[in-house]
Amino acid sequence: MPKINIVVEENTVRADVFLVQALKGQGFDISRAYLKRLLDEKLVAIDGISVKPSYKPVYGEVVIVDLPEPKASDILPEDIPLNIVYEDENLLVINKPCGLVVHPAPGHYTGTLVNALLYYLGSAGNLSNINGVLRPGIVHRLDKDTSGLLVVAKDDTTHRHLAAQLADRSMKRIYRAVAMGRIEEEITVAEPIGRHKKNRLKMAVDRDGRTAVTHFTPIRVFENKVYGRIPPHYTYLEAALKTGRTHQIRVHLAHMQRPVLGDVLYGPPNQPHLPGIVYSGQVLHAVRIGFIHPVNGQSMVFETELPDYFCKIIEILS
């Protein structure tokens with residue numbers, strides 16, 4: 001079973017609440033009920049001692065969580081609608097909606113893109129196994145509240161080829177976003193990204209992090225006419241990923257003090273409310289993806305329109 005090590009950065013709330021958030025920051029989206037079960041089964045130790053869910057970890061303590069190995073039977077097919085842009089015997093290109101989690105995590109096995117893929121492909125379908133039973137077919141991911149295009153591999157050979165294109169930066173991924181603030185010129189941000197030193201839910205620009213490069217192209221700058229004057233401007237922009245770090249676009253824009261509209265993790269906690277529209281999460285959409293087909297060698301490019309809520313935001317700001 002995988003062992004997850006967490007260093008407590010500050011005095012905090014009870015262990016079950018704290019660990020659900022801390023584990024989510026490391027990519028494990030588990031429920032509080034499942035975390036309580038781990039605590040009851042003594043699979044969580046703080047400084048080597050098993051604790052109750054009500055225990056409050058303090059600064060400097062080290063938490064070790066033994067997560068049981070997932071079982072394939074834990075991930076069930078679910079009839080969740082999929083917007084399939086392209087499909088052949090080797091891969092699929094899917095337009096993921098905002099709010100859909102890409103893959104299950106221990107203790108949270110339902111309502112994800114993977115559950116939907118298992119249902120769609122049925123018993124005769126296949127997905128690559130390189131990323132294990134929790135992430136079958138998943139070559140790369142989008143955050144829950146980021147919408148847009150991603151590619152799914154049906155076999156291991158296809159997965160390896162697509163993963164290699166990600167690694168050598170030949171896979172092209174273009175996003176659209178609305179940033180809070182003014183960006184008037186094209187800019188390439190080359191700032192390394194690593195785990196935030198204090199908040200394990202976040203990433204941050206870090207000299208000791210991994211190389212991260214994003215190219216931003218402004219499309220239109222809007223004067224704020226709909227929500228006081230804070231921020232005074234918004235920028236509708238395009239972002240081209242040259243690398244693929246966790247939360248990369250969101251981190252780089254926040255580093256520029258131009259966070260993505262709706263991003264409560266990297267932007268201000270009290271987000272501007274645009275009248276006449278309800279939306280959830282960051283206004284960020286993967287609008288284009290390009291790669292070489294791993295089997296036939298064909299250059300493939302796919303584009304998708306902006307979702308309705310995104311178009312409405314642009315209309316309101318205009």
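Asp-206 sits in the loop between strand E11 (203–205) and strand E12 (213–223). The model that shows this is predicted. This briefing starts at that loop, moves to helix H5 (248–255) and its surroundings, and then turns to aromatic rings and empty spaces. H5 is largely enclosed by the rest of the structure, because six of its eight residues are buried.

**Asp-206 and its loop**

- Asp-206 has a relative accessible area of 12%, so it counts as buried, the limit being under 20%.
- Its side chain makes a polar contact with the side chain of Lys-197, at 2.3 Å.
- Lys-197 is also one of the contacts of Asp-206 beyond its neighbours within four places in sequence.
- The others in that set are Pro-192, Ile-193, Gly-194 and Arg-195.

**Val-205, in the strand before the loop**

- Val-205 belongs to strand E11.
- Val-205 is partly exposed, with a relative accessible area of 24%.
- Setting aside neighbours within four places in sequence, Val-205 touches Glu-191, Pro-192, Val-251, His-252 and His-255.
- Pro-192 also appears among the contacts of Asp-206.
- Val-205 and Gln-248 are 43 residues apart along the chain, yet their C-alpha atoms are separated by 9.4 Å.

**Thr-214, in the strand after the loop**

- Thr-214 lies in strand E12.
- Its relative accessibility is 0%, so Thr-214 counts as buried.
- The side chains of Thr-214 and His-252 are joined by a polar contact of 2.8 Å.
- Beyond neighbours within four places in sequence, Thr-214 is in contact with Ile-187, Thr-188 and Val-189, among others.
- Its contacts also include Ala-239, Ala-240 and Leu-241.
- Gln-248, Ile-249 and His-252 complete that set.

**Helix H5 and its two ends**

- The buried residues of H5 are Gln-248, Ile-249, Arg-250, Val-251, His-252 and Leu-253.
- Two of these, Val-251 and His-252, are contacts of Val-205.
- Three of them, Gln-248, Ile-249 and His-252, are contacts of Thr-214.
- His-247 lies in the loop between strand E13 (233–241) and H5.
- The phi of His-247 is near 60 degrees, a positive value in a residue other than glycine.
- His-247 counts as buried because its relative accessibility is 15%.
- Gln-257 is placed in the loop between H5 and strand E14 (284–292).
- Just after H5, Gln-257 takes a positive phi of about 60 degrees, although it is not a glycine.
- Gln-257 counts as exposed, at 64% relative accessibility.

**Aromatic rings**

- The whole structure holds four aromatic pairs.
- Tyr-309 and Phe-310 form one that is tilted, with 6.2 Å centre to centre and 50 degrees between the planes.
- That angle is neither under 30 degrees, as stacked would need, nor over 60, as edge-to-face would need, so the pair counts as tilted.
- Tyr-309 is buried, at 16% relative accessibility.
- Phe-310 is buried too, at 0%.
- Tyr-86, Phe-291 and Phe-302 form one aromatic cluster.

**The second largest pocket**

- The second largest pocket has a volume of about 250 Å³.
- Strand E1 (3–7) and helix H1 (15–25) are the elements that give two or more residues to its lining.
- H1 provides the largest share of the lining, four residues.
- The pocket is lined by 15 residues.
- Glu-10, Phe-18, Lys-198, Asn-199 and Arg-200 lie nearest its centre.
- The lining of this pocket divides into eight nonpolar, three polar and four charged residues.

**The cavity**

- The count comes to one cavity of 30 Å³ or more.
- About 40 Å³ of space lies in the largest cavity.
- Its lining consists of Leu-166, Arg-169, Met-171, Arg-173, Leu-241, Lys-242 and Thr-243.
- By class, the cavity lining has three nonpolar, one polar and three charged residues.
- Leu-241, part of that lining, is also a contact of Thr-214.

Methods. Residues numbered from 1 in each chain as written. Predicted model: local features only at pLDDT ≥ 70, side-chain atom pairs only at ≥ 80, totals over all residues. Heavy atoms only, no water. 1 Å grid on protein atoms, 1.4 Å probe; cavity = no way out; pocket = protein on both sides within 12 Å on 5 of 7 lines; lining within 4 Å. Points joined across faces, edges and corners; volume = space filled by probe spheres on them. Nonpolar A, V, L, I, M, F, W, Y, C, P; charged D, E, K, R; others polar. Phe/Tyr/Trp six-rings, centres within 6.5 Å; stacked < 30°, edge-to-face > 60°. Buried < 20%, exposed > 50% of the residue type's maximum accessible area, 1.4 Å probe, protein only. Polar contact = N/O pair within 3.5 Å; in protein donor to acceptor, adjacent residues only side chain to side chain. Contact = heavy atoms within 4.5 Å.
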